[in-house]
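Biologist: Could you take me slowly through the charged pairs in this protein, with the cut-offs for each term as we go?

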Amino acid sequence: MASQLFIGLMSGTSLDGVDVALVTFNHLQQPQLLKTHFVDYSADLRTQILTLQHPTDNELEKTALIGNTLAHLYATAVNELLSAAKIDATSVNAIGCHGQTIRHRPELGFTMQIGNAALLSELTGITVVSDFRSRDIAAGGQGAPLVPAFHQDAFAHNKHNRAIINIGGIANITYLSNTGEIFGFDSGPGNMLLDAWIKQHLGLDYDADGQWSSTGNIIEPLLSTMLSEPYFSAQPPKSTGRDLFNDAWLNRWLATQEYAPNDVARTLVALSAHSIANAVKQYCGQADEIYLCGGGAKNKLLTSDLQSLMGSVRIETTDKLGMGIDWVEAIAFAWLAKKCLSQESANLPEVTGARGLRILGAIYQA
């Protein structure tokens, strides 16, 4: 294809908004980030999306209407990005749109991301590739995580064994050995539980730098019981989301005793750090470098906990590898869109458990 411009849209389980990345690919097909943009979700939209995480009255209509709302917001974000970059929509090959996950139940054979890709294509005049997870699930896989294939392409090294850890609402881990071995999985909660807890108690969307959590103490018995959650000991391939790690999950552990809110917050940071570190030690034991990305990489308390648990293993952010921590996933979905249009497989059966390689994504031609 003559043009090599792609846009990646990522809106994750943290529900903070949509990341937009304008990406080109050099002659080695390596991604180069040209421009970024971010659009917040309003408090009302965030609440509406959260209502779809569980059965609700008239949910089919609500799902469709919120999907349309998201398409309009995504289109606005794309058009603002292109305007700032002074690039015409006709120059862009495609938008890779993850959409907003509202259910992820691979054990039941389905996953659902909304955002009305057909409407997004109409509003932008650009081909849209979406629904990246369904084909892998149809082939017996988890449909997630999808980013390890991109991590392999972007971050693998022939001398170092690397673990790439994306800490969003959910944390996912990719192990890249220097021999080419790769696997990945969701380790469990990243920021999701802490975000919900601070929203409930302080009305804030997240705990900046872990400042509030830092005022509390780890409740060791609570941490120990939460770590007994069967998901943590389940063997990969595995993926998870709000269907498991939600308010009801947390309240179940808090039901027997009353704790100081900041102590619970501190314990939730420890839960994320321990579940990530335990997973790395068990499945990525040869890793000599760890690189963090996603919003959780900004939480100084969480990263400090991780470093303490991992000892001498070097922990950096993907900024050190030339890719900003906020933009790795958005770039990945631009890459996935390119893979789809090129008719190249983009799943990793060793990560998701699918029966084989598959071309991922549904195309809505402009």
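**Charged pairs, buried and exposed**

Modeller: At 48% relative accessibility, Arg-252 counts as partly exposed, because that class lies between buried, under 20% relative accessible area, and exposed, over 50% (1.4 Å probe, protein chains only). This is a predicted model, in which local features need pLDDT of at least 70 and side-chain atom pairs count only at pLDDT 80 or more, while totals for chains, interfaces and linings use all residues. Residues are numbered from 1 along each chain as its sequence is written, and side-chain values use heavy atoms, with hydrogens and water left out.

Biologist: How far apart are the closest N and O atoms of Glu-229 and Arg-252?

Modeller: A salt bridge is a side-chain nitrogen of Lys or Arg within 4 Å of a carboxyl oxygen of Asp or Glu. Glu-229 and Arg-252 form such a bridge, and their closest N and O atoms are separated by 3.7 Å.

Biologist: Which strands hold Arg-162 and Glu-289?

Modeller: The side chains of these two residues, Arg-162 and Glu-289, meet in a salt bridge at 2.8 Å, N to O. The pair ties together parts that are 127 residues apart in sequence, because Arg-162 lies in strand 8 (residues 162–167) and Glu-289 in strand 11 (residues 289–293), strands being DSSP runs (E, at least two residues) numbered from the N terminus.

Biologist: Is Glu-289 buried or exposed?

Modeller: Its partner in the salt bridge is Arg-162, which at 8% relative accessibility counts as buried. Glu-289 has a relative accessible area of 4%, and therefore Glu-289 is buried.

Definitions and conventions:
Helix = DSSP H or I, 4+ residues; strand = E, 2+ residues; numbered from the N terminus.
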